[in-house]
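Colleague: I've got this model open on my screen and I'd like some help reading it. Can we go through a few features together?

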Amino acid sequence: MSKQKDKLLAILQASKTHPSAEELFLACKKENVKISLATVYRNLALLQEEGKIQKISIPNEVDRYDSILRPHAHAVCERCHQIEDIELNGLIDFIQAQTQIKPTSCDLSIRHICAKCRKKEALNIH
């Protein structure tokens, strides 16, 4: 693996959010990593192909990236677009029991309004 790809993966693994390619590019620049945005995209695609990260594609949003590979879902705030991980223990087993198919993976995104945005909206109403 290249030094740039190693660094990109390390930044993503240390992230508490689900950053976009542009956010990862800026994080690399902040750490003085010499890398272009095109190289970030290319390395993210390679990391995804290698099964080291997953891409989160949500309609009308920029793609985000996640280094957590275990089955889990994502909750996407409709206001601030923050993405949170949701553990749905037993979801694969439930799907298999209901449909008689054995899923190998599951991509699930749930839209909601996060607590921070609900609080902000409540303060603006009164």
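Colleague: Let's start with the pocket. Which residues line the largest pocket?

Modeller: Bear in mind that this is a predicted model. As for the general idea, rolling a probe the size of a water molecule over the atoms shows where empty space is left. Here, the lining of the largest pocket is made up of Gln54, Leu69, Arg70, Pro71 and His72, together with Thr104, Ser105, Cys106 and Asp107.

Colleague: How much space lies in that pocket, and how do its lining residues divide into nonpolar, polar and charged?

Modeller: The largest pocket holds about 170 Å³. Its lining splits into 3 nonpolar, 4 polar and 2 charged residues.

Colleague: On to the helices. What span does H1 reach from its first C-alpha to its last?

Modeller: Helix H1 takes in residues 3-14, 12 residues in total, and reaches 16 Å, close to the 16 Å expected at 1.5 Å a residue.

Colleague: Which residues of H1 are buried, and which are exposed?

Modeller: Buried means under 20% relative accessible area, and exposed means over 50%. In H1, Lys5, Leu8, Leu9, Ile11 and Leu12 are buried. These residues sit on the same side of H1, because they cover an arc of only 160° around the axis. Lys3 and Ala14 are exposed on the other side of H1.

Colleague: What do the buried residues of H1 pack against?

Modeller: They pack against helix H2 (21-30), helix H3 (37-49) and strand E2 (64-66).

Colleague: Then let me try H2 by the same route. Which of its residues are buried?

Modeller: For H2, the buried ones are Ala21, Leu24, Phe25 and Cys28. Looking down the axis of H2, you'd find them within an arc of 105°, so they line one face of the helix. Leu26 and Lys30 are exposed on the other side of H2. The packing partners of the buried residues of H2 are H1, H3 and E2. Just after H2, asparagine 32 has a positive phi of about 60°.

Colleague: One last stop, alanine 75. Why does alanine 75 count as buried?

Modeller: Alanine 75 counts as buried because its relative accessibility is 7%. You'll find alanine 75 in strand E3, residues 73-77.

Colleague: And which residues is alanine 75 in contact with, leaving aside its neighbours within four places in sequence?

Modeller: With those neighbours left aside, alanine 75 contacts Gln82, Ile83, Glu84, Ile86, Ile110 and His112. Sequence separation and distance in space are separate readings: alanine 75 and cysteine 114 lie 39 residues apart in sequence, with 8.7 Å between their C-alpha atoms.

Terms used: Residues are numbered from 1 along each chain as its sequence is written. This is a predicted model: local features need pLDDT of at least 70, side-chain atom pairs count only at pLDDT 80 or more; totals for chains, interfaces and linings use all residues. Side-chain values use heavy atoms; hydrogens and water are left out. Helices (H or I, at least four residues) and strands (E, at least two) are DSSP runs, numbered from the N terminus. The expected span of a helix is 1.5 Å times one less than its number of residues. Buried means under 20% relative accessible area, exposed over 50%, partly exposed in between (1.4 Å probe, protein chains only). The arc is that of the directions from the helix axis to the C-beta atoms. Contact means heavy atoms within 4.5 Å. On a 1 Å grid over the protein atoms alone, a cavity is a set of points where a 1.4 Å probe fits but cannot get out, and a pocket is an open set with protein on both sides within 12 Å along at least five of seven lines; lining residues have an atom within 4 Å of a point. Grid points are joined across faces, edges and corners, and a volume is the space filled by probe spheres set on the points. Ala, Val, Leu, Ile, Met, Phe, Trp, Tyr, Cys and Pro count as nonpolar, Asp, Glu, Lys and Arg as charged, and the others, Gly among them, as polar.
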